Amino acid sequence: MEGNPLMARETLDPTDWPGFRDQAHRMLDDMLEYTRHLRERPVWQPIPLALRESFREPLPQRGHDLAQLHDRFMSDILPYAVGNAHPGFMGWVHGGGTPVGMLAEMLAAGLNANLGGRDQIPVEVERQVVRWMRELFGFPESAGGLFVTGTSMANFIALLIARTAFLGVAVRRSGLGGHPLIAYTSAGAHGCIAQAMELAGIGSDALRIIPMDKEFRMNTLLLEQAIIADREAGLTPFFIAATAGTVNVGAIDDLSAVADLAKRQGLWFHVDGAYGALAMLSPQLAPRLAGIQSADSIAFDFHKWGQVPYDAGFILVRDGALQYATFASPAAYLQRETRGLAAGSPWPCDFGPDLSRGFRALKAWFTIQLYGAEKLGESIAGSCDLARYMQKLILGEPKLELLAPVSLNIVCFRYRAQDADRVNNEIVMALHESGIAAPSTTTVNGCLAIRAALVNHRTGEGDIHALLRATLSFGDTITTAV
Ligand SMILES: *Cc1c(COP(=O)(O)O)cnc(C)c1O
């Protein structure tokens with residue numbers, strides 16, 4: 001080929017490697033400095049109109065300079081993200097990420113491995129994490145596990161496997177055929193459970209929403225009554241989704257009671273443990289999840305309390321063979337061999353709907369290896385200690401009112417005022433715009449609540465003081481302005 005200039009094809013790799021390398025180091029250094037000095041920045045800031053407009057330019061026909069693109073990232077993108085890495089971020093349920101997670105993500109991207117299958121160590125890394133999760137949750141060796149985008153996808157996958165368990169593999173070809181499957185979850189469940197019913201073609205009308213008890217747990221007495229009533233009506237109860245850590249208040253359903261009931265009634269017992277399941281890493285918190293070991297499937301996220309950078313959801317299934325039967329599809333171009341690159345079957349793509357898959361396992365593997373289960377568990381328990389500390393401060397402040405008991409790491413409270421819903425909504429928007437702290441809002445027993453979900457490992461007592469001080473100050477201003 002040498003000597004024939006017609007054969008020289010330009011690649012997309014750098015032409016100036018030394019220059020590229022210097023630029024690469026600057027980009028890495030900027031992100032490390034960003035993380036190191038996060039606290040000095042606002043949690044979030046409003047996006048200037050002109051800046052938003054600048055992202056509506058047409059498709060560029062010619063390339064730009066990398067250093068310029070990096071400058072643009074630093075000035076126009078980085079300052080205007082959601083801010084969940086910041087210790088003052090307490091909205092929704094977001095993980096904070098870690099610098100080591102970022103590095104692992106970089107290594108994974110550099111390798112550009114496709115984890116759909118084939119004989120490669122990256123797949124073994126994923127299988128290693130699967131084994132660790134079996135161990136953590138007391139699941140058998142035959143259990144299947146898979147990295148997915150998030151718990152929404154993991155819940156959906158669990159529902160599909162339960163459908164196979166009840167209707168047989170034939171359901172993959174024939175569809176439901178009007179079979180009256182009925183599923184159950186609590187009023188405190190995440191909306192993605194209902195969406196999973198819609199996506200699975202069963203329909204959200206076939207999802208029974210069971211009321212909660214005073215501790216915001218699914219009422220198991222009403223659950224059993226609903227199952228019996230549906231069966232008497234000729235329907236087929238098949239799936240219970242319990243929650244370990246509800247989005248609203250962080251309640252954990254009575255998993256042992258649900259496990260017993262599911263067994264007695266012959267239903268699939270699924271746990272949506274999106275953020276709460278990893279509390280198993282803390283010896284102090286694990287007893288609160290008693291019963292999770294009996295689940296047929298558990299969905300959870302490494303990107304929430306596990307602090308692995310987005311995205312890293314996970315599904316663990318007791319009956320790995322059933323998971324395989326639900327998703328595996330023979331195809332000529334996916335032929336398996338006993339030797340060579342096409343060996344190592346079954347492949348990850350046989351256990352879920354994705355064929356091409358990124359190397360999400362690597363950032364989870366690095367995180368678990370670097371910190372160890374103990375330290376990750378301490379970090380999780382630390383957010384719960386902090387939530388209890390915050391509860392104590394709220395109970396000691398007459399102008400504030402606690403709206404739900406603190407079960408794990410979520411604190412729902414409000415500023416006492418007339419027209420409290422409007423005032424507290426205003427307070428939260430003012431908090432966001434101040435850049436001091438970013439809680440979110442929710443509704444608890446019909447009242448608008450300021451909701452602080454303490455998930456970020458960087459959040460400390462000082463951040464809680466800052467949030468409460470600013471809440472009182474904005475509350476006073478808003479109520480005296482009226
Ligand atoms: C976050 C969350 C989900 C959704 O998980 P994603 O990773 O965002 O898809 C589902 N259930 C609960 C309880 C959650 O906290």
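How many Å² does the accessible surface of the chain come to, and what percentage of that belongs to carbon and sulfur atoms? I looked this up first and got about 23300 Å². Carbon and sulfur atoms hold 55% of that surface. I note here that the model is predicted.

Next entry: burial. I took the 482 residues of the chain and found that 48% count as buried, with under 20% relative accessible area as the cut-off.

Secondary structure and overall shape. I find 14 helices and 11 strands in the chain. The radius of gyration is 25 Å, and the globule rule gives 23 Å for 482 residues; the two are close, so I enter the chain as being as compact as a globular protein of that length. I also looked up the extent of the C-alpha trace, which spans about 80 × 60 × 45 Å along the principal axes.

Contacts along the sequence. I kept the contacts between residues at least 6 apart in sequence, and 73% of these join residues at least 24 apart.

Domains. I have two on record from the domain assignment. Domain 1 is made of 18-44, 82-98 and 373-482, whereas domain 2 is 114-358. Their centres, taken over C-alpha atoms, are separated by 30 Å. To the contact between them, domain 1 gives 32 residues and domain 2 gives 23 residues.

Last entry: charge. I count 41 positive and 50 negative side chains in the chain. Where do the centres of the two sets lie relative to each other? I find them 3 Å apart.

Terms used:
Residues numbered from 1 in each chain as written. Predicted model: local features only at pLDDT ≥ 70, side-chain atom pairs only at ≥ 80, totals over all residues. Heavy atoms only, no water. Helix = DSSP H or I, 4+ residues; strand = E, 2+ residues; numbered from the N terminus. Rg over C-alpha atoms; globule rule 2.2 N^0.38 Å. Buried < 20%, exposed > 50% of the residue type's maximum accessible area, 1.4 Å probe, protein only. Contact = heavy atoms within 4.5 Å. Areas by Shrake-Rupley, 256 points an atom, 1.4 Å probe, with all protein chains shown as cover. Lys, Arg positive; Asp, Glu negative; His and termini not counted. Charge placed at Lys NZ, Arg CZ, Asp CG, Glu CD.
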